[in-house]
Amino acid sequence: MEFSVKSGSPEKQRSACVVVGVFEPRRLSPVAEQLDKISDGYLSSLLRRGDLEGKPGQMLLLHQVPGVLSERVLLVGCGKERELDERQYKQIINKTITTLNETGSMEAVCFLTELHVKGRDTYWKVRQAVETTKAGLYSFDQFKTNKAEPRRPLRKLVFNVPTRRELTIGERAITHGLAVAKGVRICRDVANMPPNVCNPAYLASQARRLADAYDNISTKVIGEQEMAELGMNSYLAVARGSENEAMMAIIEYKGNGDAKPIVLVGKGLTFDSGGISIKPAEGMDEMKYDMGGAASVLGTMHALAQLQLPINVIGVLAGCENMPGGNAYRPGDILTTMSGQTVEVLNTDAEGRLVLCDALTYVDRYDPETVIDVATLTGACIIALGHHTSGLLANHNPLAHELLNASEQAGDRAWRLPLFDEYQEQLESPFADMTNLGGRPAGTITAAAFLSRFTKKYNWAHLDIAGTAWKSGKDKGSTGRPVPLLTQFLLNRAGVADVEDKE
Ligand code: BES
Ligand code: MN
Ligand code: ZN
């Protein structure tokens, strides 16, 4: 799929299809009006007859419109002009892409990027259109014998911008959008991969592939023997019930000499059965997505490599499998973490924090500027924020604000929860320094409170993506989140994100 920008008028396009908006009730957008004029009122007469109301997502495909050089005109309902918001814009783009892909237009010139979206500029509209298009065309069908491929798929999409001055802005938006889309696709592919294929060794092999492809990336993989030497007993305890060896992959990207790195740590439980505290059978297949954090770190590293940003970043994929078995760790066990702090295990299903705490201790050796961990950590986060918003907790206010800003810019939302000291009391153990279980109240916060005991040496933020990493039901599959958020954060840190183009 190819994207480009141009600045021209709709009647002059020679394409398989021109895409223009119609507002509710039955009002042509300024661009559609130009087509109406050249066709002697053809479009307005259709609207008068009631063929299209203009409700959001309504589509009307026209052929051989008089006076128009393109073969087709796709009229797209955009709702009430003044109510067009971000969410509706993305839905409209998505619907448009599906329609184009299914109706034989292999290329199109899209004027929807000229619509006025509240508070958003051309850069945003073009970039979101690229990301939405790519995401909408994604499917995970490599295990399907018969793949449902459209006969004449959309191959080329041109976005129109209102002025020539905005062409460079549009091109940059495409570059950034494509990098984010690639990161999202890679995240979705590894996350959707079944757990009999995607085990910790598979995750590590994906990390090595990145180093093979880019000169300024190197990857190192730490297996169980080295973990034992490092004293990562908490991480290893979780892995003990599984036949699949735990592996932690460390992907190092160098874009800025000896500057302190930003470190991203992803929870990579390639399957979380719960272990001895086993989960109920229903929906357990979805625990293959418990490596969604690691998948998003991998995807973000791909986006970063494609953008070649001038920063140093280290991505850690903390791969592990949580299984019951004769050698599995048990409730009651007391573990000595790499940091020296001891943990009494009260529930083997609270394994994510046990893996992450050692990974977070390990990364201290890189003298990090910032550490962000990403994890499908708690079911409680779904209760708190549902499936639209990731949980954010941090020990450093400016970092939390940076991440909230990035999430807002990228349309990949997160919301902060507090980390007040009082919550630490829920982790008290009669026998060890802490337990791995905080009880029912504020499960997302107590999980983060646990992690905060291992991140005192640096600025740290934690993203709980339990509700946002994948979808269940008929659209089951990885969402690729929070790759857009993380990539935006890196773009901002690199100082190359769009700044001039404010409306
Ligand atoms: N991976 C799960 C969290 C999870 C559950 C994410 C469902 C998405 C959907 C995590 O390892 C887990 O099992 N957490 C437990 C913690 C509890 C035992 C303190 C949970 O949330 O129930
Ligand atoms: Mn678990
Ligand atoms: Zn888990």
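## Exercises on a predicted model

Along the chain, the donors of the zinc ion (ligand 3) follow the spacing K-x4-D-x17-D-x60-E. Keep in mind that you're working with a predicted model here.

**Exercise 1. Work out which residues hold the zinc ion (ligand 3), and what arrangement its donor atoms form.**

Step 1: Put names to that spacing. The protein donors are K267 (NZ), D272 (OD), D290 (OD) and E351 (OE).

Step 2: Check the distances. These donors lie 2.0 to 2.4 Å from the zinc ion.

Step 3: Now the angles. To count as octahedral, six donors need opposite ones over 155 degrees apart and all others between 65 and 115. The six donor atoms around this zinc ion subtend angles of 78 to 177°, so the arrangement is octahedral.

Step 4: Place two of the donors. K267 sits in strand β10 (residues 262–272), while D290 is in the loop between β10 and α9 (292–307), so the pair ties together parts 23 residues apart in sequence.

Step 5: Look for a second metal. D272 also bridges to the manganese ion (ligand 2), and the two ions lie 3.1 Å apart.

**Exercise 2. Decide whether K267 and D290 are buried or exposed.**

Step 1: Recall the cut-off: buried means under 20% relative accessible area.

Step 2: Compare. K267 has 2% relative accessibility, so it counts as buried. D290 also comes out at 2%, so D290 is buried too.

**Exercise 3. Describe the second largest pocket: its volume and what lines it.**

Step 1: Start with the space inside, which is about 880 Å³.

Step 2: Find the lining. There are 34 lining residues, and those closest to the pocket's centre are K279, L377, T378, G379 and A380.

Step 3: Ask which elements contribute. β10, α10 (352–362), α11 (379–385) and α13 (443–452) each supply at least two lining residues. The top contributor is α11, with four residues.

Step 4: Sort the lining by character. You get eleven nonpolar, 13 polar and ten charged residues.

**Exercise 4. Give the strand order of the open three-stranded sheet and find its edges.**

Step 1: The order is β12-β13-β17, and the pairing is mixed.

Step 2: β12 (334–336) and β17 (434–435) each have a single partner strand, so one side of each has no neighbour in the sheet, and these two stand at the edges.

Step 3: Zoom in on one pair. β12 and β13 (residues 342–344) run antiparallel and are joined by three bridges. For instance, L335 has V343 in β13 as its bridge partner.

Step 4: Remember what holds such neighbours together: strands of a sheet pair through backbone hydrogen bonds.

**Exercise 5. Spot some unusual backbone geometry, and say where it occurs.**

Step 1: Know the usual case. Most residues other than glycine have a negative phi, and most peptide bonds are trans.

Step 2: Hunt for cis bonds. The bond from E24 to P25 is cis, with omega near -5°, and P25 is in the loop between β2 (17–24) and β3 (27–28). R481 and P482 are also joined by a cis peptide bond, with omega about 0°; P482 lies in the loop between β20 (477–478) and α14 (483–494).

Step 3: Hunt for positive phi. D40 isn't a glycine, yet its phi is about 60°. Q64 isn't one either, and its phi is about 45°.

Step 4: Place them. D40 is in the loop between α1 (30–38) and α2 (42–48), and Q64 is in the loop between β4 (59–63) and β5 (72–80).

Step 5: Check the surface. D40 is exposed, with a relative accessible area of 76%, and Q64 counts as exposed at 71%.

Notes
Residues numbered from 1 in each chain as written. Chains lettered and ligands numbered in written order. Predicted model: local features only at pLDDT ≥ 70, side-chain atom pairs only at ≥ 80, totals over all residues. Heavy atoms only, no water. Donors = N, O, S within 2.8 Å, 3.2 Å for Na, K, Ca; no water. Tetrahedral: all angles 85-135°; square planar, octahedral: opposite > 155°, others 65-115°. Buried < 20%, exposed > 50% of the residue type's maximum accessible area, 1.4 Å probe, protein only. 1 Å grid on protein atoms, 1.4 Å probe; cavity = no way out; pocket = protein on both sides within 12 Å on 5 of 7 lines; lining within 4 Å. Points joined across faces, edges and corners; volume = space filled by probe spheres on them. Nonpolar A, V, L, I, M, F, W, Y, C, P; charged D, E, K, R; others polar. Pairing = 2+ DSSP bridges.
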